[in-house]
Amino acid sequence: MNPALTVFVKECRESLRDRRVLLNSLLLGPLLGPLLFLVIMRLVVGRELEKAERPLPVVVINAERAPELIASLRQMGLEQKPPIADPELAVREQRIDLALRVSADYGADWRAGQPAQVELIYDSSRREANSDVERLRGMLESYGRRHGALRLLARGLSPAIATPLVIASSDTATPQARGALLFAMLPYMLVLTIFIGGIWLAIDSTAGERERQSLEPLLINPVPRDRILLGKLLATAIFSLASLTLGLLAFLLVGHFMPTEQLGLSLALGPRFFAVALPLLLPLVLLICIAQILIAAFARTVREAQTYLGLAQLVPLIPSIVLSVLPVKAQLWMYAVPLLGQQLAIMRLLRAEPLSAIALALSVAVTTLAAVAVFALTRRVYASERLAIST
Amino acid sequence: MIELRELRKSFGAVRAVDGVSFVARDGEITGLLGPNGAGKTTTLRMLYTLMRPDAGSIHVDGRDAAEEPLAVRRLLGVLPDSRGLYKRLTARENIEYFAALQGLDAAAARARADGLIDTLGMADLAARRTEGFSQGERVKTAIARALVHGPRNVVLDEPTNGLDVMATRSLREFLRRLKGEGRCVLLSTHLMQEVAALCDHIVIIAHGRVVAEGTPDELRAAASESNLEEAFMRFIAAAP
């Protein structure tokens with residue numbers, strides 16, 4: 001049997017007996033992301049829906065001057081609160097979100113057919129109140145438009161005269177695209193499953209063996225060190241891949257429980273996503289695993305290796321953040337950047353957008369090359385004399 | 001047969017090994033005796049090609065370690081200073097893992113492991129995971145996996161470290177048996193009783209240099225001491 005295979009089999013057997021590895025690679029790694037996602041989505045969506053339907057509490061000053069307006073607003077969901085003395089101060093001190101003041105001349109202006117004034121009192125720097133303000137503004141505008149049209153009709157004119165311009169909004173964001181915005185973090189979570197899946201084996205391959213004093217005996221065997229490294233890499237990668245596969249399956253499953261329809265969204269979390277994402281991420285699995293082994297080889301203890309690799313897990317956050325903060329248009333060269341390319345491709349897959357074969361091939365090819373390059377580097381570290389010496 | 005010639009190794013400014021030469025013959029137990037920090041472990045690490053010497057040469061059964069490190073490793077069975085086992089594998093699995101790395105097929109590995117398990121009296125340990133093994137049980141397992149390929153030359157770094165009297169005794173018997181089979185046995189130790197009880201040939205090493213060499217009787221005579229321990233102290237003290 002090839003020594004690399006011997007090492008691979010032994011590492012797998014040993015890891016399958018390690019509860020810590022099983023918990024991380026096969027349970028926590030793949031399931032943490034999807035579950036976190038489901039919970040967050042449920043909370044966010046739930047709150048949005050609740051906001052749209054619940055009554056809108058508003059302090060109304062001088063309500064008696066505009067009984068008809070207030071009655072109409074209440075039909076639209078306004079919950080009238082008793083007036084208070086200084087609404088501006090109350091808003092500033094955040095005792096209330098929003099107040100509506102009917103002007104003193106409202107009744108007279110209304111009857112005279114002049115524009116009658118109502119005043120919204122709010123603090124636009126308080127973002128959580130903004131949706132309430134917009135909702136009330138919308139109610140007021142619709143009341144105004146309705147009565148404007150009635151007045152024109154009463155004078156024998158078509159309401160169309162007062163509407164020279166109509167703005168028609170057509171949002172080209174397909175439902176899938178809107179969903180993918182919410183899912184901007186999903187690629188990172190998938191990459192994280194790759195990291196978590198292989199982390200214990202990567203640490204164990206050098207720092208762990210050195211700490212347990214088994215590295216020196218291992219390296220005395222008549223086996224070239226790169227075969228030993230290859231066996232350890234394969235074992236790390238297989239656990240990482242298992243974690244990724246389970247993670248992808250969990251996302252497919254979770255996709256069914258997402259309240260996406262309520263938001264008018266749909267995500268392409270189907271078999272096509274699975275079938276393309278897995279081969280797309282495979283070279284990334286190799287790259288991440290060999291990078292983890294390289295980093296862990298520099299650590300003297302398991303604890304030190306854990307610290308380094310914990311920090312390394314934050315690296316794939318960079319493209320995620322860049323992509324969500326600066327929604328750049330995907331250029332072909334970006335697919336050649338490991339991590340960035342995979343994240344872009346996954347976003348497109350989620351939106352059910354076409355993904356060119358060239359982009360896919362570029363991502364796979366460059367990431368594979370990067371993995372080979374890091375392997376060559378790790379091989380040199382493995383060849384060094386100090387690697388084996390534990391004391 | 002193991003031949004070391006003018007071996008040197010420095011770590012920065014520290015000369016750990018400074019010109020060590022000796023021969024360990026087949027059918028003999030050679031003891032590398034010296035105080036802690038004398039350069040015994042570094043010498044052995046160069047012998048089993050874990051470290052490259054700065055100068056000097058190593059030959060095992062006539063093969064040059066610098067030119068054919070893998071061939072030399074195949075000729076050696078080594079119990080190094082660190083002897084960690086895989087605690088989630090059984091003793092037998094630990095032994096058979098190294099057998100596979102030595103290139104033995106599964107059937108041969110099993111047969112060799114069975115033989116060693118029998119010889120070392122570890123029948124009741126073989127199927128147990130090594131987590132929680134006593135020091136003696138760990139050393140037995142480590143020796144079995146080091147010798148699983150039946151090497152002609154056996155190198156042991158401080159083999160009795162941490163062993164109780166019983167375990168030490170059975171280990172000595174085992175080493176005599178290896179010698180009886182015509183193997184070349186080289187062990188390092190800082191314990192005088194060890195070499196006195198076991199070795200045919202003693203190499204005393206201090207400050208990275210060989211300060212005396214010979215049979216126990218020769219050394220006693222050379223130091224004009226009847227007691228080997230006194231002889232040892234004398235040689236160490238005389239070293240520059």
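1. A contact is here taken to mean heavy atoms within 4.5 Å. On that criterion, the contact between the two chains of this predicted model draws 28 residues from chain A and 29 residues from chain B.

2. The area buried between chain A and chain B amounts to about 2,800 Å², and carbon and sulfur atoms supply 55% of this area. Within chain A, the residues that lose the most area to chain B are Arg17(A), Pro222(A) and Glu385(A); together these three residues account for 25% of what that side buries.

3. Polar interactions also cross the interface of chain A and chain B. There are 13 residue pairs in polar contact between the chains, counted with both residues at pLDDT 80 or more. Two elements of chain A, α1 (3–16) and α9 (215–220), give two or more residues to the side that touches chain B. The largest share of that side comes from α1(A), with six residues.

4. The salt-bridge rule finds five such pairs across the interface of chain A and chain B. Asp18(A) forms a salt bridge with Arg88(B), and the closest N and O atoms of this pair are 3.1 Å apart.

5. Chain A also carries a nonpolar surface patch of about 530 Å². The patch is made by Leu23(A), Leu27(A), Leu28(A), Leu31(A), Leu32(A) and Leu35(A). Of these residues, Leu35(A) lies in helix α2 of chain A, which spans residues 19–53. Leu35(A) counts as partly exposed because its relative accessibility is 48%, and the partly exposed class runs between the 20% limit for buried and the 50% limit for exposed.

Note on methods
Residues numbered from 1 in each chain as written. Chains lettered and ligands numbered in written order. Predicted model: local features only at pLDDT ≥ 70, side-chain atom pairs only at ≥ 80, totals over all residues. Heavy atoms only, no water. Patch = residues over 30% accessible without salt bridge, like charges linked within 9 Å, V, L, I, M, F, W, Y side chains within 5 Å. Areas by Shrake-Rupley, 256 points an atom, 1.4 Å probe, with all protein chains shown as cover. Salt bridge = Lys/Arg side-chain N within 4 Å of Asp/Glu carboxyl O. Helix = DSSP H or I, 4+ residues; strand = E, 2+ residues; numbered from the N terminus. Buried < 20%, exposed > 50% of the residue type's maximum accessible area, 1.4 Å probe, protein only. Buried area = accessible area lost by both parts, 1.4 Å probe. Polar contact = N/O pair within 3.5 Å; in protein donor to acceptor, adjacent residues only side chain to side chain.
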